[in-house]
Amino acid sequence: MTDPRALEVLQRVWGYPDFRGMQGEIIDAVMRGDDAIVLMPTGAGKSLCYQIPALVRDGTGIVVSPLIALMQDQVDALAEVGVRAAFLNSTQDPDARREVEGAFLAGRLDLLYLAPERLAVAGTQALLDRGRLSLFAIDEAHCVSQWGHDFRPDYLGLSSIAKRWPDVPRIALTATATVATRDEIAERLRLTDARRFVASFDRPNIQYHIVPKDQPVRQLIRLIRTEHPGDAGIVYRLSRRSVDETAEALVAAGIPASPYHAGLDARTRRANQARFLREDGVVMVATIAFGMGIDKPDVRFVAHLDLPKSVEGYYQETGRAGRDGEPATAWLTYGLQDVVQQRRMIDESEGDLTHKRNLTAHLDAMLALCETATCRRLQLLRYFGQESEPCGNCDTCLSPPETWDGTVAAQKLLSTIVRLDRERRQRYGAGQLIHILRGQDTERVRQLGHDSLATFGIGTELDEPAWRGVVRQLLALGLLATDEHGAFRVTEASAEVLRGTRQVTFRSDLAVARSRGDRRRRSSTAGATATTTELSATARDLFETLRVWRAGVAKEQDVPAYVVFPDSTLRTIAMLRPTSLDALRAISGVGDKKLQSYGTAVLGVVASAEAAA
Ligand code: ADP
Ligand code: ZN
């Protein structure tokens, strides 16, 4: 049974009727003063796990979070529900800082947000010593792991919290961690005795799609036009230049989009981020510098136009879609060139052999996910140590790919490479190999005398795209490697294929499956919330009117629209048409403070819609 004080706060402050999943248990543990490690997928509601104990316990809760750019929004959102929160970081002028310090010492703060490097400063530690602390929350705790994908050296310093404030409970939270990373978090943060809460990592409302790359920007525009017109989304690209080009292409196609990468000056970055958060339906095109800690709940799609470096990174980035639990899409397009490029980047990277092996292992796991012929979600969850059933809501479940025995094709390709290697000590890229196999009489083939090779023309049964698929999958399987010039060579494992002792199965690269299945079915917030398409026509009108009202309020207050009320709350209001403050207060997402701030205005919007109808 969850402590009744916690439930009271949940209902009074946030206006939510019940805890979700493990929230109640976690909050109980922290309220008792226990340490905890919390692994929950994005959108599951990690913040309440430390916010509520901080409100109930005496003193101020210290929240360590890596991204200072977002602290203002987090604090604003808390102020909207009446929680006294503030932050200390380098962006503040001395006056603002002194004011926050004063409020903290006077016991007037429920929550205080700090970047990890702040906590390392002696002055900050002395300040914390003089106040009363209810708990430490360490957000994005996977940043402490060197094996993980997001290591931040500042996080190593957080191990000292346990020594300096041994009586203050600590709760470490993350949305991404393999079993190995969890152990590393526990060890480095001195949380080996902490209770571990591991929720299912599944995000059932996200539909995963991984498609062969053709013309990625055009594929993306088609995706947005057909599946996500008017929706907010994030597009990830590897390089700054491709970010700029992609954003321009979207704008030229009439899709509101902004770029975000480290090469833009801080002001432009801030402005673009603010636009993405505040306006409806903006697409952010970004390098992975963007996104950590972004808690915009209504991001409807996350698209990767280049291959991510690890499954952890991919899962975390795609997790930014659909935090509100409503249907969302994770879409990745990748091709042969991605694999070649990533392998080369690893070869050329600095660092010792262990480091390179780490990177290779991460990439191989990512490639296995891309090339799987079985459920994507099953593979993803297995990677994080959780078993599950085929999901029915990913591309391979919705339209199972055909597979074929590619052993002979693989042998043809590999033996061509072996022959070229042996006879001329030369290596070639995919184009030339495919020309040879397909017996194409190009100038280069003739010049090099490749038409006299024994394998010339033995591969006419496959067309060029099919051969590219073969090359890509062999590369993904480690049966083919590239040298420092990006040309192909065989590997030790290829010998088994050439000898005929190893079979190879490929997936057919079919045209991109268009069937989307019934997306509503998979919404994870079952119960009272309806999707917009399920509303009656009159309710839909009222919902749109409420959104217009919300946009006005958000602009006036200079906060993101969802901070005023999330879509799900507006939709329920549109459906139930409350006529009294009590009826409004009973709706999920309407707490005391919001009722006080907006109750009368909302009832007014509902009443005038009623009158107009
Ligand atoms: P996380 O940090 O795990 O990604 P958040 O803490 O941002 O997730 O929560 C995601 C969304 O779910 C937020 O809009 C939050 O207000 C909402 N939420 C959290 N807990 C509950 C609950 N018990 N009932 C209803 N909504 C909740
Ligand atoms: Zn599936």
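In the predicted model, the zinc ion (ligand 2) is held by four cysteine sulfurs, the SG atoms of Cys375, Cys391, Cys394 and Cys397, at 2.3 to 2.4 Å. Along the chain, these donors of the zinc ion (ligand 2) are spaced as C-x15-C-x2-C-x2-C. The angles among the four donor atoms run from 102 to 119°, and the site of the zinc ion (ligand 2) is tetrahedral. This assignment follows because four donors count as tetrahedral if all angles lie between 85 and 135 degrees. For reference, the ideal angle for four tetrahedral donors at a metal is 109.5 degrees.

Two of the zinc donors were examined for accessibility. Cys391 has a relative accessible area of 10% and is therefore buried. Cys397, in contrast, is partly exposed, with 24% relative accessibility. The two residues fall into separate classes because buried means under 20% relative accessible area, whereas partly exposed covers the range from there up to 50%.

Gln386 occupies the loop that runs between helix H16 (376-383) and helix H17 (395-398). Although placed in a loop, Gln386 is buried, at a relative accessible area of 16%. Its side chain extends to the backbone nitrogen of Phe201, with a distance of 2.8 Å.

Ligand 1 is surrounded by 14 residues, of which Tyr16, Gly43, Lys46, Ser47 and Arg323 come nearest. By class, the shell around ligand 1 consists of five nonpolar, five polar and four charged residues. Polar atoms of the protein approach ligand 1 at several points, through both side chains and backbone. Tyr16 places a polar side-chain atom 2.7 Å from an oxygen atom of ligand 1. Ser47 does likewise, with a polar side-chain atom 2.6 Å from an oxygen atom of the ligand. At Asp18, a backbone N or O atom is found 2.9 Å from a nitrogen atom of ligand 1. On its own, ligand 1 has 570 Å² of accessible area, and the protein covers 81% of this.

Two strand residues were considered next. Ile37 belongs to strand E1 (residues 36-39) and is buried, at 2% relative accessibility. Ile37 and Phe197 are 160 residues apart along the chain, yet their C-alpha atoms are separated by 6.1 Å. His209 is part of strand E8 (residues 206-212). With a relative accessibility of 3%, His209 is also buried. The side chain of His209 forms a polar contact of 2.9 Å with the side chain of Gln207. The C-alpha atom of His209 lies 32 Å from that of Ser588, a residue 379 positions away along the chain.

Positive phi angles were found at two residues that are not glycine. Glu140 has a phi of about 50° and is located in the loop between strand E5 (133-138) and helix H8 (160-164). This residue is buried, with 13% relative accessible area. In sequence, Glu140 and Gln557 are 417 residues apart, and the C-alpha to C-alpha distance between them is 29 Å. The other residue, Arg190, has a positive phi of about 55° and sits in the loop between helix H9 (179-188) and strand E7 (195-198). Arg190 has a relative accessibility of 42%, so this residue counts as partly exposed. Thus Glu140 is buried, whereas Arg190 is partly exposed.

Pro566 is located in the loop between helix H24 (561-564) and helix H25 (567-576). The relative accessible area of Pro566 is 24%, which means that the residue is partly exposed. Between Pro566 and Gly263 there is a separation of 303 residues in sequence and 33 Å in space, taken from C-alpha to C-alpha.

Definitions and conventions: Residues numbered from 1 in each chain as written. Chains lettered and ligands numbered in written order. Predicted model: local features only at pLDDT ≥ 70, side-chain atom pairs only at ≥ 80, totals over all residues. Heavy atoms only, no water. Donors = N, O, S within 2.8 Å, 3.2 Å for Na, K, Ca; no water. Tetrahedral: all angles 85-135°; square planar, octahedral: opposite > 155°, others 65-115°. Buried < 20%, exposed > 50% of the residue type's maximum accessible area, 1.4 Å probe, protein only. Near = heavy atom within 4 Å. Polar contact = N/O pair within 3.5 Å; in protein donor to acceptor, adjacent residues only side chain to side chain. Areas by Shrake-Rupley, 256 points an atom, 1.4 Å probe, with all protein chains shown as cover. Nonpolar A, V, L, I, M, F, W, Y, C, P; charged D, E, K, R; others polar. Helix = DSSP H or I, 4+ residues; strand = E, 2+ residues; numbered from the N terminus.
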